[in-house]
Amino acid sequence: MQKHSIYITITLSILTSMSIAQDEKKALRNGNESYSVGKHTEAANSYKRSLKEKQDYYKANFNLGDAYYKIADLVRTGKMQPPNKRMTADSAANLIYEQAAEQFDVVAKSVSNPDTIQKAWHNYGNAKLMQKSYEDAVLGYKKALKLNPKDEDTRYNLAYAQRELKKQQDQQKKNDKDKKDENKDKKDEKKDQGEKDKEDIKNPNNKDQQAPQPQMSKEQAEKMLNALKNDEKKMQSLRKKKGDPGQKVKV
């Protein structure tokens, strides 16, 4: 009786396991069908259901990475709206490429088949390349190339990523230098201003001495002279009436 009971328990356990295996494979097949007809969001959802049944199902992980990568491409090129309307196409695509890279990283670190690992690292490099994370892309391609040195696609992508990484690093150095020079100029300007302020405190008359004198044209000088002469004539006339001696004004 006891043996019979144990046998039933084991049988039920096996049947449950087979059911789970069928569910994860069925979800995977559904995802592949959706992917093949361009329904990449539906495909991604099917792969997620497959992983819900079996978390370490590497086929579902790999294919989910592919689906994410394709969705990111569509968002970046404007063929699909970003999942979050408040985000720009580039920022949304960048996040989805990161999700793709994470999936390929999981596959590369969880399987033992060299061919699958090589493909996972290659795709990881592609996702990082699209994010312009060139250093990570180079790392992924190098790992892929180590497993398959004859893969020309990986070799080409590695060379491209290395070239873009150098451009990025050179631009960063230039930006750092420009910022450093700008800060130095501001510091020197502040120092000069500080010294000038100290000098003005010591010699308060310097400001008046150094202030530029306004320049007067010949025409303006003549007008002023004539005005003064007219004023002088008026004053002379008034003084004569009052009996005061007239005084000449020096111009």
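1. Thr154 is buried, its relative accessible area being 0%. The model is a predicted one, and this residue sits in helix 7, which spans residues 152-202. The side chain of Thr154 makes a polar contact of 3.2 Å with the side chain of Asp151. Beyond its neighbours within four places in sequence, Thr154 is in contact with Gln118, His122, Tyr141, Ala144 and Leu145. Of these, Tyr141, Ala144 and Leu145 are among the buried residues of helix 6.

2. Arg163 also belongs to helix 7. Is Arg163 buried or exposed? Neither label applies: with a relative accessibility of 45%, Arg163 counts as partly exposed, because that class lies between the limits of 20% and 50%. Its C-alpha atom is 9.0 Å from that of Tyr134, and 29 residues of chain lie between the two positions as a sequence separation.

3. Helix 6 covers residues 134-147, 14 residues in total. From first C-alpha to last it reaches 20 Å, close to the 20 Å expected at 1.5 Å a residue. Its buried residues are Tyr134, Ala137, Val138, Gly140, Tyr141, Ala144 and Leu145. These occupy an arc of only 165 degrees around the axis, so they lie on the same side of helix 6. An α-helix has 3.6 residues a turn, so residues three or four places apart point the same way. Glu135 and Lys146 are exposed on the other side of helix 6. The cover over the buried residues of helix 6 includes helix 5 and helix 7.

4. The largest nonpolar core has 31 residues. Those with the most contacts inside this core are Tyr47, Leu64, Val75, Ile96, Ala100 and Trp121. At least two residues of the core come from each of helix 2 (40-53), helix 3 (58-76), helix 4 (89-110) and helix 5 (114-130). Another core lies apart from it and has 9 residues, including Leu129, Tyr134, Ala137 and Leu145. As a general point, nonpolar side chains tend to be buried together in soluble globular proteins.

5. Val75 deserves a separate entry. Not counting residues up to four places away in sequence, Val75 touches Met80, Gln81, Pro82, Ala89, Ala92, Ala93 and Ile96. Among these, Ala92, Ala93 and Ile96 are buried residues of helix 4.

6. Helix 4 has 22 residues, and the distance from its first C-alpha to its last is 32 Å, close to the 32 Å expected at 1.5 Å a residue. Which residues of helix 4 are buried? They are Ala92, Ala93, Ile96, Tyr97, Ala100, Ala101, Gln103, Phe104, Val107 and Ala108. The buried residues of helix 4 pack against helix 2, helix 3 and helix 5.

7. For the chain as a whole, the secondary structure consists of 9 helices and 0 strands. The order of elements from the N terminus is α-α-α-α-α-α-α-α-α. Of the 251 residues in the protein chain, 28% are buried. The accessible surface of the chain is about 18900 Å², and carbon and sulfur atoms hold 52% of that surface. Among contacts with a separation of 6 or more, 46% are between residues 24 or more positions apart.

How values were computed: Residues numbered from 1 in each chain as written. Predicted model: local features only at pLDDT ≥ 70, side-chain atom pairs only at ≥ 80, totals over all residues. Heavy atoms only, no water. Helix = DSSP H or I, 4+ residues; strand = E, 2+ residues; numbered from the N terminus. Buried < 20%, exposed > 50% of the residue type's maximum accessible area, 1.4 Å probe, protein only. Polar contact = N/O pair within 3.5 Å; in protein donor to acceptor, adjacent residues only side chain to side chain. Contact = heavy atoms within 4.5 Å. Areas by Shrake-Rupley, 256 points an atom, 1.4 Å probe, with all protein chains shown as cover. Core = buried A, V, L, I, M, F, W, Y, C linked by side-chain atoms within 4.5 Å. Expected span 1.5 Å × (residues − 1). Arc of directions from axis to C-beta.
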